[in-house]
Amino acid sequence: MKLIYPWVYNQPGDLFYVLSPDPKAAMKKAMKTVKLVEAAGGLVQHEDGTHLFIYRNEKWDLPKGKLEKGEKTKIAAVREVEEECGIKVAKREDKICKTYHMYEWRGKIVLKKTHWYYMKHKGKAKLVPQIEEGITAVRFFNREQVAAIITNTYPSIIDVLEVSELIKERELPL
């Protein structure tokens, strides 16, 4: 059996794992049974080497949001970072990965697929959290501080940090 993904369900911290001999086929089947929402976001590195994080719903997170109708993921990712953090992205770079998580919204199960991109930021900026989106803080963290963030974030964010090599591989609880 192969692990598909530890998915967040309903409340942060409520995790379940899906095991399958064919994860791609299982994922295709699951996607037919739930509403799919596409989102995009970014891992922003400042020229001093620090990385941008937001604090939303009592968890550290990366800026991301839903795609607008007809919007490309790479455009949405930059727009969401700029809106949620009050910064100007200097450069959008390569795609990092895609993550998936599930949650309940208005009595229905939603599968959110998020496209993640590397981004660069230069200069000084007044970080402005988008309060109407539940963001209460925006901060840059150095590599050593990022390791502490994983104790209070979501599994999908840890995946992005692993793929981008900001943190080392973690053990799965199985």
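Here is a short Q&A on the salt bridges, aromatic pairs and one helix of this predicted model.

User: Before we start, what should I know about the numbering and the cut-offs?
Analyst: Residues count from 1 along each chain as its sequence is written, and side-chain values use heavy atoms, with hydrogens and water left out. Since the model is predicted, local features need pLDDT of at least 70 and side-chain atom pairs count only at pLDDT 80 or more, while totals for chains, interfaces and linings use all residues.

User: How many salt bridges are there?
Analyst: The rule asks for a side-chain nitrogen of Lys or Arg within 4 Å of a carboxyl oxygen of Asp or Glu. Lys64 and Asp61 fit, at 2.7 Å from N to O. By this rule the count is eight.

User: Is the Lys64 and Asp61 pair buried or exposed?
Analyst: Buried is under 20% relative accessible area, exposed is over 50%, and partly exposed is in between (1.4 Å probe, protein chains only). On that scale, both Lys64 and Asp61 come out buried.

User: Which Glu, four residues from Arg79 in helix α2, meets Arg79 in a salt bridge?
Analyst: Helices here are DSSP runs (H or I, at least four residues), strands are E runs of at least two, and both are numbered from the N terminus. Residues three or four places apart point the same way, because an α-helix has 3.6 residues a turn. Four residues apart in α2 (residues 73-85) puts the two about one helical turn from each other. The salt bridge, at 3.3 Å from N to O, joins Arg79 to Glu83.

User: What is the relative accessible area of Glu80, the salt-bridge partner 2.9 Å from Arg79?
Analyst: Arg79 is itself buried, at 15%. Glu83 is partly exposed at 37%. Glu80 is buried, with a value of 8%.

User: Which residues are linked with Arg79 in a network of salt bridges?
Analyst: Arg79 bridges to Glu80 and also to Glu83. The others in the network with Arg79 are Glu68, Glu71, Glu80 and Glu83.

User: Why is the Phe53 and Phe141 pair called edge-to-face?
Analyst: Rings of Phe, Tyr and Trp (its six-membered ring) pair if their centres lie within 6.5 Å; planes under 30 degrees apart are stacked, over 60 edge-to-face and the rest tilted. There are three such pairs. In this one the centres are 5.7 Å apart, and the label follows because the planes sit at 75°.

User: How many residues of α4 are buried?
Analyst: Helix α4 spans residues 155-163 and is mostly covered. Among the buried ones are Pro155, Ile158 and Leu161. Of its nine residues, the buried number is seven.
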